[in-house]
Amino acid sequence: MDHLCKAYRQQPSACQWLLRELLTRRQAWVRFLLLDCYDDYIRLGFGLLVSQVLQTLTPLERGMFPPRVHTPDRRVGLDPARSASPVVVSAPADELACPALSVQFIEHLLNMMEDTRSCWRRFHQYFSILREWGGSCIEARQFLVDRGVIVMLIDYYMGDYTPLIRPKARAKIGDPSSANPNNALDLRDMMGLLSVLLRTAGTNVTDTAHTAVINDTTATKEEKMKELERTARPPTAYYSDPLPLLPLTIQAREMLFNRDFFDNMLKSGYNREATGEIVRHWVWRDASASQWLCTVLLECFMRCGVSELPSIMQMLEDFISVDDDIKPERVRIALNPQSGSHGLLDQLRLTHRSRSPWFIATAVHFLAFAIIPHYPLAAAYLTVTRDSYRAWLDSALMDRCSSSMYFRAYNQGADEPNFSLLLERMRVFWKEGAGDGYVVDPSLWMWGTEEDEPQTHVSHDDDDDDDDDDDDDDDEVVRHKQAGYTQAKGYLDIEGDGEVYYYDEDDVGNTRTVTYGG
């Protein structure tokens with residue numbers, strides 16, 4: 001197969017011939033060799049060959065891709081101001097008559113998507129081809145977004161629970177009752193494709209920021225590019241050029257933020273890396289999306305089973321890890337121990353007596369080993385608020401220390417600690433603000449702990465009370481109110497050499513580094 005792929009890589013005309021054959025006389029081969037064939041190595045080989053053919057042809061056909069057609073997204077029951085906003089859709093395939101063979105073949109695969117449900121044990125190569133082609137170039141992703149593939153994938157995932165109207169019942173995918181690993185549902189490539197497309201799309205925040213920067217008549221081109229990178233380009237964006245991220249239709253956004261879909265996606269963990277990328281992309285600088293998603297995450301935590309808990313903890317870590325100007329707010333709503341806040345610690349306080357010991361052990365392990373050593377802002381918050389949760393958590397862990405139960409660690413492959421180790425780790429953190437390889441700096445957290453408002457008190461090196469210093473103080477207060485905290489760039493990074501490095505930036509962007517440990 002390697003020699004065959006190499007031959008097609010060097011012969012674009014042979015690639016065109018093969019795709020023409022598969023689209024006309026040999027069309028039945030596509031379904032049989034991708035879905036119906038029971039021999040894994042045949043499906044794998046055919047998938048590799050098709051991916052290579054598409055990889056060879058697509059760069060040569062990018063100029064022949066379908067044009068984009070701008071049209072209003074009008075749907076009954078929507079806000080008229082939103083339903084009249086311009087979105088981008090593609091015309092039907094039969095009207096386009098696209099000359100690009102790669103696009104024609106992808107269109108043929110998309111038309112087969114519903115049929116793959118009955119072959120769910122063997123559809124891995126089908127989604128693998130789509131994912132690799134979608135990641136090949138921006139034109140390919142643009143075509144898939146315009147074609148409505150985001151809606152198609154979410155609709156496919158939700159099955160009979162889709163909000164879209166379906167004329168008949170659909171074939172179910174997966175067999176949750178089977179213990180045979182060969183019957184496990186493999187949606188890694190499908191979720192990978194969904195992640196690629198969603199990270200090519202703009203969010204509410206990026207769309208607004210891009211429009212504001214482009215319409216700014218006072219800024220130079222270089223200044224606009226810098227501002228776009230800061231406000232309209234999430235770190236997770238799949239491409240970063242001067243163009244805006246692709247717009248989504250209102251229907252695609254509604255499908256993405258469907259509560260049932262997000263709930264199941266977070267708990268199932270078919271592709272945790274791809275799901276984490278989606279989470280980080282859509283909460284970046286968006287307070288309302290962050291609040292909504294955190295609510296879904298913590299409700300999932302309260303209801304999930306033992307097998308689903310690691311996936312929820314991973315998504316919560318991804319949620320906390322997003323580095324932007326509202327990071328303190330995300331840390332607060334995710335971990336808040338205050339009664340009635342519905343943060344992770346508040347949820348544990350309410351349920352630790354009634355839930356399995358495994359739950360509290362896994363959650364505390366998540367805090368002690370995944371969050372505190374690696375996320376300084378979260379560690380500072382847990383230090384500042386420790387009086388709100390230390391008493392009951394210490395008591396809860398003490399009650400479990402006599403148990404001989406061990407649980408699977410949050411980080412796969414790590415040693416499986418017991419409750420005594422967790423209790424010792426948390427007590428050291430509460431007392432010393434430090435642990436193995438990290439030191440907590442409580443000053444990183446500059447938000448009030450009672451009303452959760454940014455503190456306006458700022459310390460200065462000199463105590464002069466003249467008017468100029470008063471003006472400087474006022475400016476500093478405003479800056480802290482807007483930012484919510486100082487030294488937001490700080491992080492801990494364990495290099496494996498016994499040293500823990502911390503950096504922050506001052507007001508003019510100069511970076512200074514302080515070394516702890518060793």
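This is a short dialogue on how to read some features of a predicted protein model.

Visitor: Where do I begin with this predicted model? How many helices and strands does the chain have?

Guide: Welcome! The chain has 25 helices and seven strands. It has 518 residues, and 48% of them count as buried.

Visitor: What can I learn from the surface of the chain and from its contacts?

Guide: About 25600 Å² of the chain is exposed, and carbon and sulfur atoms supply 49% of that area. For the contacts, look at pairs of residues at least 6 apart in sequence: 70% of these contacts join residues at least 24 apart.

Visitor: Could you show me one such pair of residues?

Guide: Try glycine 174, in the loop between helix H10 (149–158) and helix H11 (188–198). Tryptophan 120 is 54 residues away along the chain, yet the C-alpha atoms of the two are separated by 6.9 Å. Setting aside neighbours within four places in sequence, glycine 174 is in contact with Trp120 and Leu185.

Visitor: Is glycine 174 buried or partly exposed?

Guide: Glycine 174 is partly exposed, because its relative accessible area is 21% and the cut-off for buried is under 20%.

Visitor: Now for two helices that pack together. At what angle do H17 and H18 pack?

Guide: Helix H17 (287–303) and helix H18 (residues 309–321) pack at an angle of about 155 degrees, with their axes 10 Å apart. That makes H17 roughly antiparallel to H18, since angles over 145 degrees fall in that class. H17 passes H18 in a left-handed crossing.

Visitor: Which residues make the contact between H17 and H18?

Guide: From H17 come Ser290, Leu293, Cys294, Leu297, Cys300 and Phe301, and from H18 come Leu309, Ile312, Met313, Met315, Leu316 and Phe319. By class, this contact has 11 nonpolar residues, one polar and no charged.

Visitor: Why do the residue numbers in a helix contact jump by three or four?

Guide: Here is the general idea: an α-helix has 3.6 residues a turn, so residues three or four places apart point the same way. You can look for that spacing in H17, where Leu293 and Leu297 are among the contact residues.

Visitor: How do H2 and H4 lie relative to each other?

Guide: Helix H2 (residues 12–23) and helix H4 (residues 40–61) pack at about 120 degrees, with axes 9 Å apart. They are therefore oblique to each other, and their crossing is left-handed. H2 brings Pro12, Cys15, Gln16, Leu18, Leu19 and Leu22, while H4 brings Phe46, Leu49, Val53, Leu54, Thr56, Leu57 and Leu60. The classes here are 11 nonpolar, two polar and no charged residues.

Visitor: May I have one more pair for practice? At what angle do H7 and H8 pack?

Guide: Helix H7 (residues 101–111) and helix H8 (residues 124–134) pack at about 140 degrees, and their axes are 11 Å apart. H7 and H8 are therefore oblique to each other, and they too cross in a left-handed way. On the H7 side are Ser102, Val103, Ile106, Leu109 and Leu110, which meet Tyr126, Ile129, Leu130 and Trp133 of H8. Eight of these residues are nonpolar, one is polar and none is charged.

Visitor: How many residues of H20 are buried?

Guide: Six of the eight residues of helix H20 (residues 344–351) are buried, so that helix is mostly covered. The buried ones are Leu344, Leu345, Asp346, Gln347, Leu348 and Thr351. They pack against H17, H18, helix H19 (327–335), helix H21 (357–371), helix H22 (376–384) and helix H23 (390–401).

Visitor: What about aspartate 318: is it buried or exposed?

Guide: Aspartate 318, in H18, is buried, with a relative accessible area of 9%. Beyond residues up to four places away in sequence, aspartate 318 touches Arg272, Gly276 and Arg280.

Visitor: Last topic: what should I look for in phi angles?

Guide: Most residues other than glycine have a negative phi. Against that background, look at arginine 285, whose phi is near 60 degrees. Arginine 285 sits in the loop between helix H16 (272–283) and H17, and at 22% relative accessibility it counts as partly exposed. Histidine 342 also has a positive phi, near 65 degrees. Histidine 342 lies in the loop between H19 and H20, and its 49% relative accessibility makes it partly exposed.

Notes: Residues numbered from 1 in each chain as written. Predicted model: local features only at pLDDT ≥ 70, side-chain atom pairs only at ≥ 80, totals over all residues. Heavy atoms only, no water. Axes fitted to C-alpha atoms, helices over the stretch in contact; angles between N-to-C directions. Helix = DSSP H or I, 4+ residues; strand = E, 2+ residues; numbered from the N terminus. Parallel < 35°, antiparallel > 145°, perpendicular 65-115°, else oblique. Left-handed = near helix turned anticlockwise from the far one by under 90°. Contact = heavy atoms within 4.5 Å. Nonpolar A, V, L, I, M, F, W, Y, C, P; charged D, E, K, R; others polar. Buried < 20%, exposed > 50% of the residue type's maximum accessible area, 1.4 Å probe, protein only. Areas by Shrake-Rupley, 256 points an atom, 1.4 Å probe, with all protein chains shown as cover.
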